[in-house]
Each structure stands twice: as structure tokens, then as C-alpha cells.
Amino acid sequence: MKKITKAGRGELVFAGSLLLLGIYVLYDTVKMEVPEGVAVISPRLFPYFVGTFLIVVSAGLILTILRGNLAVPEGTEPGDPFAPADFKTMSLVVAGIAGHVILLEKLGFVVAAAVSFYLVAYAFGARRIVKDILIAFAFALISYFAFTKGLNIRLPQGIFENLFSSGA
Amino acid sequence: MNSLNLLLDGFATAFTATNLMYGLAGTFLGTLVGVLPGIGPALAIALLLPITMSVAPASALIMFASIYYGAMYGGSTTSILLNTPGESGSVITALEGNKMAKAGRAGAALATAAIGSFVAGTIATLLLAFGAPVLADVAVKIQPAGYLSLMILAFATVGTLLGQSMIRGLISLACGLVIGLVGADLQSGALRLTFGNLNAVDGIETVTVIVAIFALGEVLYLASRHKVDEWAVISVNDKTWMTKSDFKRSWRPWLRGTAIGFPLGVIPAGGSEVPTFLSYAAEKKLSKHKEEFGHGAIEGVAGPEAANNANAAGALVPLLALGLPTSATAAVVLVAFQMYNIQPGPMLLSTEPVIVWGLIASLFIGNALLLLLNLPLIKFWVKLLKIPRPYLYGGITTFALFGAYALNASTFDLQIALAVGALGYFFRRFGMPTTPLIIGLIMGPLAETKFKLALQISNGDYSVLYAGLLTKSIYFILFMVIVGPFVWNFKKKLAIKK
């Protein structure tokens, strides 16, 4: 057995969580409430296969990692694929996505879209605050009108949307 | 000549003003999204799925056919000019094409890719038009157990052929199967893996998963790689696209690429990775200019590009005739069908002839439109590559969130998107391919249906699962696919020891 590197530990944790997920699938299937007399073939059968399959392959992955066969990241970008992850940039992206999710039905699509656009752009190095915010809002407004007026897709409305639709 | 008549009817469907407009819009949008770096055809179609929600089925599917080819073509443009292949099928194109572009022959590389795609696409669509009905006629007789065995074979090949190691592909497949389990069992209504959440009863929205794992996963992964530099886009300023000698060197690779790509699309060979690589290897071997390979040989672009396109059309054969997707892109097209409650399969050609033949006809039209639109518009596509990367990723993220939300107008789908995006990051970080997950997610529930159906017919007798000749031979092939590589490696090891 080779010495496990830091990257290897991360991969082990990931494989371990998948193993636990597989066990949970089996547990969920055992305690599943099956309405009586409806199904000829039990709805438990297939999940049993899937759960067992996940357990077997994640156990296999754990063995593979322990034998020193680590993953090569699947990136297409140049640069060192093994460099440690930049958590600050990543959390900004996550904040952008989470912000969109939280704000969408509270403040409407335009605000939510501008927030996710701006935060992700900021994470990737956009630093001209006024210009970036203007572009974010322009992008959000144009998409809003293209989606709702052009494609008849209903999107949550908020301050901005009402401002424009009351005038129309 | 029944197929021919039906195909002509298909052209009549596709040639109405409305449908032609959708075809044109699809070609344009497909290329537009496909050109954006990091967006492959599967993601391009998934991102564009919501925009056809208010369109009639025939027009929408015609649009998807055009998006399909448009996105493929857009991807090869990016590979040549930027060396960032958006999907595994254009990795090889990037290899030689980018070298050609750097040597000032971007125009020739783009042209041989475009014309090669057109030639391959046209021949392959013809084969599709005449092959799919034949296969469907045979497939009508296949029993549920036979279907199940075909699906398991597809699972196994997609899971084991993709990615760095067999085990990582299978992990991806297993994750897809688990996500596919969530929700109420169709037959009994029993709830599975819903964690008591009412939103999860209808299952996890497939489009949400696809958009999140490709787009959000990719953006998160790029974010984890520190800062990104602006790209060096190679400009196209050639006066001539292809010279006479370029044509002479390209036409054989186009045909050979088609011959390699199409059959490998029909059988579940795990997408376009294998055929493009085989085509590249064949061209390298047959070329009179071997020394140019690795420095921008036109054959190395012409062959793999043709193989990639023929492969995409080939994957539509099992999709239309059997309802089995063999690549991520075909799986997304299956989802598009399901959105309109159309289930591809052997009966589809007889129950929905207008839609299927309209779709096939629009593949021809889309292909021709691409050739007409894209080379003249190349300057416009190059401009897209110059969008500053922060804005590009801000836009992709926001558009992906829109795609995840719009189908069901539900914030629950957005929460799922965030979670699946995180999973997509870990997949990239730990070298797991995403295609098997998509295949497992989409085909898992179909496989369960066939499984139950087979057991119902046999009254719970399990021997039905491996009884017939078809199931037996398919499980034999499966055995060879899985055990074969081990035997091969073992023999090689023995040989080295000697």
C-alpha cells in the first residue's frame, strides 16, 4: 500500500460517501411503504440491485485508491490539474448560484439573474464594478424579455418586472 | 421504396415556412451555444430545451435536429481556433486543427471540418433513413427481457469504455441510476428516496440534472483552478478556404471517417471518443504526409470530424428504432421526445411517421444550412470567442439556472441544480466521466419498466430474463466486453515477462 496523499484523502472521502449512499439506498428500500395489492412485481427489487451495485463499485473505487491508482482531474484547461482547489473563488460562484435560488421568487428574475451573473463574473476576475453591474442588469433584462415575451415562459416577477410591464 | 416516399413526405413537413424557420433558428442557436467554449452538444441541447416549450412537437423536434448538428459544428470551430474541445469527440480535431490554425491555415481547417461534417452527415442521415425502419421491423419482435439485456449491455459499454478507468465510469453510472430512482414508483406508487419531500414525488427533473452537471459543474471546476487567463483566439484571415490539394487530401478521409463513425454510433460504443480516435489512427497510417501529423495535417482534421458527425447520426438509429440512447447527446434528444410524451421505440415510426420523417428530413436541411451559414459567418463566431471570460461564465451560470428552473417553474429544481452542480465538480476533480450518469439517469427507469414487464409476463419466473436466444447472445457479448480487456492485459503481462 502506497502513502495516501492529500488529494487521495479527498477522493477516499468522496468514494466513502458514495458507499454510504449505497447503504442508504438499501435502507430506504427496506423501510419503503408499499401500498398493498397494487403491484405484481415488488417496487423493492430494482432499488436493491441499484443500491448493491453502488456499494460494490464504490468499494471497488476505495480499493483502487488505496492501491495508489489516483484520479487525474478531467479538466480541459491548461495548468497544473493537481494544484489545490481555490476555495475563495469557488465560494463566490456558489454564493452567486445560492443567491439566485434564494432571491428568484422573492425579488423576481431580473434581480436574481443579475446577482448570479455579477457574482460569478466577479469570481472570475471582473473588477470594474459599475460597468460589470450594468452589464449584469442588461443581461438579466434582455433575457427576461426574450424568455417571457419571445418564448411565453412565465418567470417570477419583482420590482423591475412590474416597473416595465405596468408601462406596457 | 416505402422509406423513400415517407422521406419525401418528411421533406414536405420540414419545408413549410414555419418549420424551415425553426430549422434555421435551431442551426443558428445550436452553433451559437456550441461555439461557446466548454459547451458540448449535449449541454447545448439541454440548455435550449426550455425555449421550445410553447412550440408544436414537430417543429420543436425539427429545431432540435438543427441544434444537434449546429452545436456539433460550433464545437469543432472552438476546438480549431481555441484548442478547448467542449466534448470528447472534438479532442482529436483540436489536436491537428489547432496546429493548422497556428500555422495560419485556420481557414482550411475550418473548411475541411465543415465540408467533412456535411458529407458525413448527409451520408449518415441517408443510412439512418433507410436503416432505422429495418431495425425497427426487427425490434418490434423483441420481448421486454431482450430489451432489458440490450439496456444492460449499453450500460456496461458506456460505463466501462468512457473515462480513465472502468471503476470510475461505473461509479458515474451507479450515481445516475440512484438519481433515477427518486420519486414514486410508477406501478405501485411507493415512494423512493424522497426524504419526505413532496417536491421529490415526481422524481428529479432530467433537464435540471443535465444542465447542472455539465454547466454548473464545469464553472465550479474552473473556479477551483485559480484565475483563468484570457484565451488566445486565432484569427481567421485566409483569403482561400481550401486549395485543390487540400481537397485531394480530404475527400478520402471524409469517406473513411464516415465509414468508421456511423457503425460505431449504431452499436453502443460509448460515444464519439472511440470512432474519432480510430479515424485519426487510420489517417495517420494511410497518409502520404506522415511527418505532418502532430504539426497540423489536414487529414487529421477531415477524418475525425467526419467520424464525429457520422457517429452522431449513427447514434440516432438505436434511439429512433429501439428507444436506446448510446451517447449523452442522444440521451438528451430522448428527453426532448419525452417532453412531448413521445417514447422512441420500434413503434414510433408507425405511430408518429410525420414527426420522425420530418425530423430526418430536417437533419438533411440543417446539415445543408450549416454549410451555407457557417463559413460565411465565421467572423461572427470568432467574435463570440472574444467575450471576456468573467462575463461568459456569469452568463452560462445564469442561463443554466434559467434552464433548470423554467421547465417546472420550481425552486426545488434550483436547489437540486446546486447540489448536482457540486456533484459535477467532484466528478471532474476525481476523474469521473459524466456521460454514464446521464445514461443511467435516463435509462434506469426505462430498464426497470422492462424488467417488471418481463417478470409480469412470466408470472415472476426469473428464468425469462435470460431465456431467449437474443438475451443469451447479448449477455455473452457483455461477458466478452467486461472480461476481454482483463484477458488482453494478462496476456500482455505474460508476454512482457517472457
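Start by selecting A:Val110 and showing whatever surrounds this residue. Setting aside neighbours within four places in sequence, you will find A:Val110 in contact with A:Phe137, A:Ala140, A:Leu141, A:Tyr144, A:Phe160 and A:Glu161. Keep in mind, as you look around, that this is a predicted model.

Now colour the helix that carries this valine: A:Val110 is part of α4 of chain A, which covers residues 109-123. Is A:Val110 buried or exposed? Its relative accessibility is 0%, so A:Val110 counts as buried; the cut-off for that label is under 20%.

Next, add A:Gly8 to the selection and draw a distance from its C-alpha to that of A:Val110. The two residues are 102 positions apart in sequence, and your C-alpha to C-alpha line should read 42 Å.

Zoom out to the whole of chain A and give each domain its own colour. Domain 1 takes in residues 6-66, while domain 2 runs over 87-163. How far apart are the C-alpha centres of these two domains of chain A? They lie 37 Å from one another.

Time to move to chain B. Switch on the cartoon and you will meet 19 helices and two strands. For its 498 residues the globule rule gives 23 Å, and the radius of gyration of chain B is close to that at 22 Å, so this chain is as compact as a globular protein of that length. Rotate the C-alpha trace onto its principal axes, and chain B spans about 70 × 60 × 55 Å.

Stay with chain B and try a few views:

- Colour by burial: 63% of the 498 residues of chain B count as buried.
- Show contacts: among those in chain B with a separation of 6 or more, 79% are between residues 24 or more positions apart.
- Turn on the surface: the accessible area of chain B is about 18400 Å², with 68% of it belonging to carbon and sulfur atoms.
- Colour by charge: chain B carries 32 positive and 22 negative side chains, and the centres of the two sets are 12 Å apart.

For the last stop, select B:Ser165. You will land in the loop between α6 (144-161) and α7 (166-181) of chain B. Why does this serine count as buried? B:Ser165 has a relative accessibility of 15%, and the buried class holds residues under 20%.

Finally, select B:Gly431 as well. Although 266 residues separate B:Ser165 from B:Gly431 in sequence, their C-alpha atoms are 8.7 Å apart in space.

Key:
Residues are numbered from 1 along each chain as its sequence is written. Chains are lettered from A and ligands numbered from 1 in the order in which they are written. This is a predicted model: local features need pLDDT of at least 70, side-chain atom pairs count only at pLDDT 80 or more; totals for chains, interfaces and linings use all residues. Side-chain values use heavy atoms; hydrogens and water are left out. Helices (H or I, at least four residues) and strands (E, at least two) are DSSP runs, numbered from the N terminus. The radius of gyration is taken over C-alpha atoms; the globule rule is 2.2 Å times the number of residues to the power 0.38. Buried means under 20% relative accessible area, exposed over 50%, partly exposed in between (1.4 Å probe, protein chains only). Contact means heavy atoms within 4.5 Å. Accessible areas come from the Shrake-Rupley method with a 1.4 Å probe; for residues, only the protein chains shown count as cover. Lys and Arg count as positive and Asp and Glu as negative; His and the chain ends are not counted. The place of a charge is taken as NZ of Lys, CZ of Arg, CG of Asp or CD of Glu. Domain bounds come from an automatic or database domain assignment.
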